[in-house]
Amino acid sequence: SIDGKRLPHPTSPTDEGFKPLPFGSDLRRMVHALNKMLPPDVSVVDASPAPTMCNDSDSDNIGASEKRLPFHPSLHTVSKTYSYTFSIGEMHDPLRCRDVWHVSHGKTSFDISRARECASLMCGTHDFIAFRGAFRGNERGKVQNTVCTIKTIQIVEVGVEDSDEQPFPFPSCSTYKVTIIGDRFLYKMVRFLVGTIVSYGTDNDRPLQELSDALTTGEWKINNTNTSGTSTSTNRRLCAPAKGLVLDYIDYGNKWEFDWIKNSK
């Protein structure tokens with residue numbers, strides 16, 4: 001289970017905290033009303049009642065207690081797929097400034113081979129506490145399981161290696177897309193992963209051992225010695241900004257059956 005995510009949650013009028021859906025639970029009317037109320041950059045394309053667990057051959061391997069539990073959109077996730085788009089060059093593309101992070105600070109080149117080497121180290125099951133953002137407000141002090149499994153990290157140059165994407169018509173910068181698939185992610189974890197990839201791809205002098213140590217010890221700090229001979233610590237984390245980040249897909253496996261209204265007459 002995940003702290004703060006209640007399971008089971010109310011599913012019938014006799015359950016504490018139960019609230020009926022509006023419009024007499026008519027999902028088509030709800031989708032229509034939501035799209036009238038939402039801002040222009042958000043749309044609801046489909047809806048389904050709470051899914052039921054499939055009665056297939058794998059159901060014998062599912063515990064009796066799990067069969068009785070209602071669907072939970074977070075706890076029953078098998079994997080999530082995030083993508084992040086960033087660009088590097090002398091000048092950013094002004095038409096893409098809202099959804100593409102342009103890496104500045106004098107960075108004009110990106111070593112994609114080194115970035116992929118960095119990404120390969122992050123794949124697998126690790127304690128990613130060094131890639132988690134600090135909790136705020138009443139979340140401070142929260143105890144959380146920080147072990148996650150990253151299945152794949154793919155880095156491609158848009159319009160060059162990714163045939164599904166068209167190259168951006170802006171010659172002063174190169175654009176890259178990072179796709180990350182994992183079983184679960186911590187707060188700001190994807191942004192820290194991308195920030196690390198960008199940091200290593202733009203700095204060939206940064207040792208990969210720092211990344212290995214961060215995954216092992218949970219800390220990004222390294223010791224430096226200044227001109228006076230005093231040992232100091234430097235925080236080497238880089239968090240990519242929120243723009244450029246997209247949640248592309250959530251996989252619930254084959255245990256749950258959705259009844260989408262688009263498929264019904």
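Start with α3 and α4: select Arg114, Ala115, Cys118, Ala119 and Met122 in α3, then Leu193, Thr196, Ile197, Tyr200 and Gly201 in α4, and you have the two sets of residues that meet. Contact here means heavy atoms within 4.5 Å. Helices are DSSP runs (H or I, at least four residues), strands are E runs of at least two, and both are numbered from the N terminus. You're looking at a predicted model, where local features need pLDDT of at least 70, side-chain atom pairs count only at pLDDT 80 or more, and totals for chains, interfaces and linings use all residues. Residues are numbered from 1 along each chain as its sequence is written, and side-chain values use heavy atoms, with hydrogens and water left out.

Now turn the view until you can see both helices lengthwise. The axes of α3 and α4 come within 8 Å and cross at roughly 140 degrees. Those axes are lines fitted to C-alpha atoms, for helices over the stretch in contact, with angles running from 0 to 180 degrees between N-to-C directions. The crossing of α3 past α4 is right-handed; that label applies if the near helix is turned clockwise from the far one by less than a right angle, and left-handed if anticlockwise.

**Into the core**

Next, select Phe86, Phe131 and Ile197. They have the most contacts inside the largest nonpolar core, a set of 38 residues. A nonpolar core is made of buried Ala, Val, Leu, Ile, Met, Phe, Trp, Tyr and Cys residues joined through side-chain atoms within 4.5 Å. Buried means under 20% relative accessible area, exposed over 50%, and partly exposed in between (1.4 Å probe, protein chains only). Colour β2 (79-89), β3 (101-103), α3 (112-122), β5 (147-157), β6 (173-182), α4 (189-201) and α5 (209-217), since each supplies at least two residues of this core. Helix α4 gives the largest share, eight residues.

Stay on Phe131 and show what surrounds it. Setting aside residues up to four places away in sequence, Phe131 touches Met122, Tyr187, Lys188, Met189, Phe192, Leu193, Thr196, Leu211, Leu215, Trp220 and Arg237. For a second, separate core, pick Leu27, Met30, Ala47 and Ile261, which are among its five residues.

**Ile180, in strand β6**

Go to Ile180 in β6. Is it buried or exposed? Ile180 is buried, at a relative accessible area of 1%. Beyond its neighbours within four places in sequence, its contacts include Lys80, Thr81, Tyr82, Ile150 and Leu193. Draw a distance from the C-alpha of Ile180 to that of Lys151: you should get 7.7 Å, for residues 29 apart along the chain.

**Arg237 and Ser199**

Now find Arg237 in the loop between β8 (231-234) and β9 (245-251). Arg237 is partly exposed, with 31% relative accessible area. Apart from residues up to four places away in sequence, Arg237 touches Ala130, Phe131, Arg132, Phe192 and Trp220. Its C-alpha is 8.8 Å from that of Ser199, 38 residues away along the chain. Jump to Ser199, which lies in helix α4 and is buried at 14% relative accessibility. Leaving out neighbours within four places in sequence, Ser199 contacts Arg206 and Leu238.

**Salt bridges and cysteines**

How many salt bridges does the whole structure hold? A search finds two, counting a side-chain nitrogen of Lys or Arg within 4 Å of a carboxyl oxygen of Asp or Glu. Since you've just met Arg206, select its partner Glu210: the closest N and O atoms are 3.0 Å apart, and both residues are buried. The other stop is Asp99 with Arg96, at 3.7 Å, N to O. Here Asp99 is partly exposed at 38%, and Arg96 is partly exposed at 28%.

If you're hunting for disulfides (pairs of cysteine sulfur atoms within 2.5 Å), the structure holds zero. Two cysteines to click on anyway: Cys97 is partly exposed, at 34% relative accessible area, while Cys148 is buried at 1%.

**Two backbone stops**

Most residues other than glycine have a negative phi. Select Lys188, in the loop between β6 and α4, and check its phi: about 65 degrees, positive although Lys188 is not a glycine. Then go to Ser25, in the segment before α1 (27-37). Ser25 also has a positive phi, near 65 degrees, and is partly exposed at 42% relative accessible area.

Finally, zoom out to the whole chain, with its five helices and ten strands. Of its 265 residues, 34% are buried.
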